[in-house]
Each structure stands twice: as C-alpha cells, then as structure tokens.
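This briefing goes through one protein model by topic. Please keep the sequence and the structure open while reading.

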Amino acid sequence: GPHAIRVYIVSNTTSVSDLLEVYVLLKEVGLFHPGETPRTEVFAEPLFETIGDLRAAPDTMRAYLSLPLVRALLAEGRLQEVMIGYSDSNKDGSYLTSTWELHQASRALLATTDELGLRLQLFHGRGGTVGRGGGSSYEALLAQPEGTVRGRIRITEQGEMVANKYADPQLADQSLETITAGVVLASLRRDPAERLGERHAPILDRLSQASMEAYRSLVYETPGFVDYFYAATPLTEIVELNIGSRPASRQPTRSIEGLRAIPWVFSWSQSRTMLPGWYGFGAAVAASGVSLGELNDLHEAWPFFATTLSNMEMVLAKSDMHIARRYAGLVEDKALARSIFERIEAEWERTVEAVLAINGQTA
C-alpha cells in the first residue's frame with residue numbers, strides 16, 4: 001500500500017541536488033506529481049554521514065527546505081526527517097569527534113527547522129557496537145540535545161541487536177518500554193544540564209579537534225597503516241564470510257576511506273583492539289589543556305558527556321592489548337608492526353588513565 005514506503009533515504013548526502021534527483025526519478029515512474037500543487041508518494045530524506053557532511057547539514061537543509069517546491073510538498077505541517085550516521089562519522093574522525101559532531105548537528109538542524117516553521121524528526125543510524133553508535137539506547141535518548149526528541153525519534157536496530165533485544169517476547173516488551181520511557185523523559189526534560197553543555201561547548205570543541213587529529217594521524221597519515229590493518233585483523237576472513245548485506249568496500253582498492261564501517265569495526269573487535277570505540281581520547285585530554293576539574297564537573301552534570309565516557313569505558317574493558325599484540329605479530333614487516341602497535345598501546349593506556357581520572361573509578 002501507499003504507506004509501506006514513505007521516504008527514500010539518500011546515503012552520503014552532500015548537496016541539495018542529491019535530494020532533488022530523487023524527485024526526478026520518482027516523476028519518471030509516476031510517484032511524484034509536479035504542478036501548482038505538487039504531491040509525492042515518497043519523500044526524499046538525507047543521510048549525513050561524514051564529519052564534513054554533518055557540519056554542512058544545517059546549511060544544506062536550509063537551502064533545500066527553502067525551495068518553493070519543497071515547501072509546497074511539506075505543506076500541512078508535515079515533518080522533515082533527517083538521518084544522521086554514526087558509523088562513517090566515527091571512521092572519519094574518531095569516536096569522540098563523531099559523537100560530538102552528531103550532537104552539534106542535531107542542535108543545528110533543530111534550529112534550522114524551527115526557523116523555517118517545520119517539524120524535525122531525527123533518524124539515528126546507530127549500529128550495535130559503540131564504534132558504530134551503539135550502547136544503552138535509554139542513556140543515549142537522555143543525552144540528546146533538549147528539544148530534538150519532542151515525542152518522536154527513529155533509531156535503527158541492526159543485525160545481532162535484533163536478536164539480542166527482540167527474540168524473546170518478554171525481552172522485546174522490556175526493550176520497547178525502555179525506549180518509550182527514554183523518549184518521554186527526553187521530550188519532557190527542561191534540563192539545566194543542557195545550558196551547561198552549551199556553556200562548555202568550547203571544551204568539547206577542543207577535545208574533539210585534538211581527538212580527531214590524533215586519530216587521523218594514525219589511521220590516515222601513517223605510512224603502512226593499511227597494510228598493518230589488513231594483516232593484524234581478520235578483515236580478509238570477515239569479508240570472505242559473505243554474511244553482510246553489502247560489499248565490504250565501496251571501492252575496489254585497499255583503502256580505509258572506501259571500507260565500509262561494519263567490517264572496519266568488526267575487524268578491530270575480533271582482534272580485541274576495539275580501536276574505533278576509544279582511540280584519540282587520551283591524546284585529546286593530554287593535548288587540549290582542559291583541566292581534570294573541568295572534566296569532572298562535566299561528567300557529573302552533563303548526561304551527554306557522562307554517556308560518552310560510559311560507552312568508552314565499556315569498550316576499554318572489553319579490549320585486551322595482550323591479544324591485540326598477538327594479532328600484531330601476524331604483520332610480516334616487524335618494524336611496522338612494532339611501530340604502529342606501540343602507538344596503539346600507548347594511546348590505550350592514556351585513554352584508560354584519562355577515563356578513570358574523570359569518572360573517579362579504579363581499574
């Protein structure tokens with residue numbers, strides 16, 4: 001029926017034309033009807049995935065939503081749904097940077113739709129693992145910027161998470177009740193912690209920038225890193241399993257840029273390195289100049305920061321540098337293996353030390 005498919009999600013949206021092209025295709029098959037009163041059976045929906053696209057998302061949406069055609073299609077108070085991607089933004093810039101940029105993009109998109117008199121529904125493209133936006137759905141809801149939920153939210157539940165949360169009827173009821181409670185509380189909240197977050201946004205900006213620099217220095221700027229990754233993780237074996245819904249890479253080359261987020265994260269998980277869920281945070285704390293006292297205060301008062309650290313702490317607990325070292329031993333170039341693994345191990349130790357100092361826990 002007509003309500004089975006209501007939106008066409010445009011992956012990797014970078015411009016207004018990416019969205020308008022959808023209506024050209026829909027017109028060809030009779031699902032979009034232009035004219036004085038245009039109507040469509042299927043609406044275009046952007047998916048902003050990379051750090052750069054998330055930062056540009058408010059301007060892209062303002063330009064798109066200001067078009068007379070789009071305004072006419074969204075008449076009668078229809079809401080505009082926007083999907084934001086966790087996996088690729090993480091692979092692009094580190095866990096901390098991804099989390100902060102998504103938070104900032106959510107606030108900016110809300111301001112944009114409010115300014116234009118439209119309703120916004122955010123579609124969170126979260127995966128099961130922390131490196132792909134996973135973690136407690138309830139805590140994630142409470143950590144959303146104030147006003148971005150308003151009784152409505154859409155969240156992906158993928159792969160193993162479907163079985164983990166919905167295979168048993170009682171567990172499914174509990175999962176749905178938990179998410180519903182989170183949506184209600186997030187919608188009703190008038191939290192002074194949100195003002196705290198706005199006031200201390202420059203601190204997160206500094207931490208995020210330092211984290212991204214440390215992460216990209218390793219992943220994208222270190223000669224031989226791609227060779228290390230392919231040899232020190234079971235990426236090749238994961239790809240050959242053919243259990244994914246899409247090819248492991250968007251490009252027929254050995255590059256991190258072209259690799260999809262799922263095999264990227266799963267490979268690090270299998271080697272017990274868990275790198276996408278923590279790398280860069282320790283370096284950020286050390287390089288940003290933010291005092292431990294300031295970070296303690298943010299952790300105590302700001303749900304967003306507390307949830308971010310809680311997820312990171314869980315990933316660090318699951319990682320095992322002894323096993324990761326054994327995987328690094330599979331790299332034929334021993335000098336390369338030693339150089340890169342020592343950087344990873346040193347950053348793991350810095351991150352563990354930073355997280356424990358901020359949340360007051362012991363190892």
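In what order do the five strands of the open sheet lie? The order is β1-β4-β5-β6-β7, and the pairing is parallel. The model is predicted, with an average pLDDT of 88 for the protein. The points below cover confidence, the sheet, two helices that cross, helix α13 and a few single residues.

**Confidence**

- At least 70 is the pLDDT score of 92% of the residues.
- Among the elements of the protein, the lowest mean pLDDT, 62, belongs to helix α9 (residues 192-199).
- The highest mean pLDDT among the elements, 97, is that of helix α17 (residues 321-328).

**The sheet**

- The sheet has β1 (7-10) and β7 (154-155) as its edge strands, each pairing on one side only.
- Strand β5 (residues 79-85) pairs with strand β6 (residues 119-125) in the parallel sense, and seven bridges make up this pairing.
- Two positions illustrate the register of β5 against β6: Leu-79 is opposite Arg-119, and Glu-81 is opposite Gln-121.
- On to the edge, β6 and β7 run parallel and are joined by two bridges.
- In that pairing, Phe-123 stands opposite Arg-154 of β7.
- Strand β6 has six of its seven residues buried, so the rest of the structure largely encloses β6.
- Helix α1 (residues 16-28) lies across β1 and β4 (43-48), and its direction makes an angle of about 150° with β4.

**After the edge strand: Thr-156**

- Thr-156 sits in the loop between β7 and α7 (160-166).
- Is Thr-156 buried or exposed? Its relative accessibility is 16%, so Thr-156 counts as buried, the cut-off for buried being under 20%.
- Not counting residues up to four places away in sequence, Thr-156 touches Met-83, Phe-123, His-124, Gly-125 and Arg-126.
- Of these contacts, Phe-123 is the residue that stands opposite Arg-154 in the pairing with β7.

**Helices α11 and α18**

- The axes of helix α11 (residues 225-232) and helix α18 (residues 334-359) come within 10 Å, crossing at roughly 85°.
- That angle makes α11 roughly perpendicular to α18, because angles of 65 to 115 degrees count as roughly perpendicular.
- On the α11 side, the contact is made by Phe-225, Asp-227 and Tyr-228.
- On the α18 side, Leu-336, Ala-337, Ile-340, Phe-341 and Ile-344 take part.
- Seven of the residues in this contact are nonpolar, none is polar and one is charged.

**Helix α13**

- Seven of the ten residues of α13 are buried, so the rest of the structure largely encloses this helix.
- Which residues of α13 are buried? They are Ala-261, Pro-263, Trp-264, Val-265, Ser-267, Trp-268 and Ser-269.
- The cover over these buried residues includes α4 (87-93), α10 (201-219), α11, α12 (235-240) and α18.
- Both helices of the crossing described above, α11 and α18, are thus included in the cover of α13.
- Ile-262 is also in helix α13 (residues 261-270), but Ile-262 counts as partly exposed because its relative accessibility is 29%.
- Ile-262 and Arg-62 are 200 residues apart along the chain, and 31 Å separates their C-alpha atoms.
- Just after α13, Arg-272 has a positive phi of about 65°.

**Other single residues**

- Ala-357 belongs to helix α18.
- With a relative accessibility of 35%, Ala-357 counts as partly exposed.
- Apart from neighbours within four places in sequence, Ala-357 is in contact with Leu-292 and Asn-296.
- The C-alpha atoms of Ala-357 and Leu-25 are separated by 54 Å, with the two residues 332 places apart along the chain.
- Ser-288 is in helix α14 (residues 281-288).
- Ser-288 has a relative accessibility of 12% and therefore counts as buried.
- Which residues does Ser-288 touch, not counting residues up to four places away in sequence? Ser-288 touches Arg-206 and Leu-207.

Note on methods. Residues are numbered from 1 along each chain as its sequence is written. This is a predicted model: local features need pLDDT of at least 70, side-chain atom pairs count only at pLDDT 80 or more; totals for chains, interfaces and linings use all residues. Side-chain values use heavy atoms; hydrogens and water are left out. Axes are lines fitted to C-alpha atoms, for helices over the stretch in contact, and angles run from 0 to 180 degrees between N-to-C directions. Helices (H or I, at least four residues) and strands (E, at least two) are DSSP runs, numbered from the N terminus. Angles under 35 degrees count as roughly parallel, over 145 as roughly antiparallel, 65 to 115 as roughly perpendicular and the rest as oblique. Contact means heavy atoms within 4.5 Å. Ala, Val, Leu, Ile, Met, Phe, Trp, Tyr, Cys and Pro count as nonpolar, Asp, Glu, Lys and Arg as charged, and the others, Gly among them, as polar. Two strands pair if DSSP finds at least two bridges between them. pLDDT is the predictor's confidence in each residue, from 0 to 100. Buried means under 20% relative accessible area, exposed over 50%, partly exposed in between (1.4 Å probe, protein chains only).
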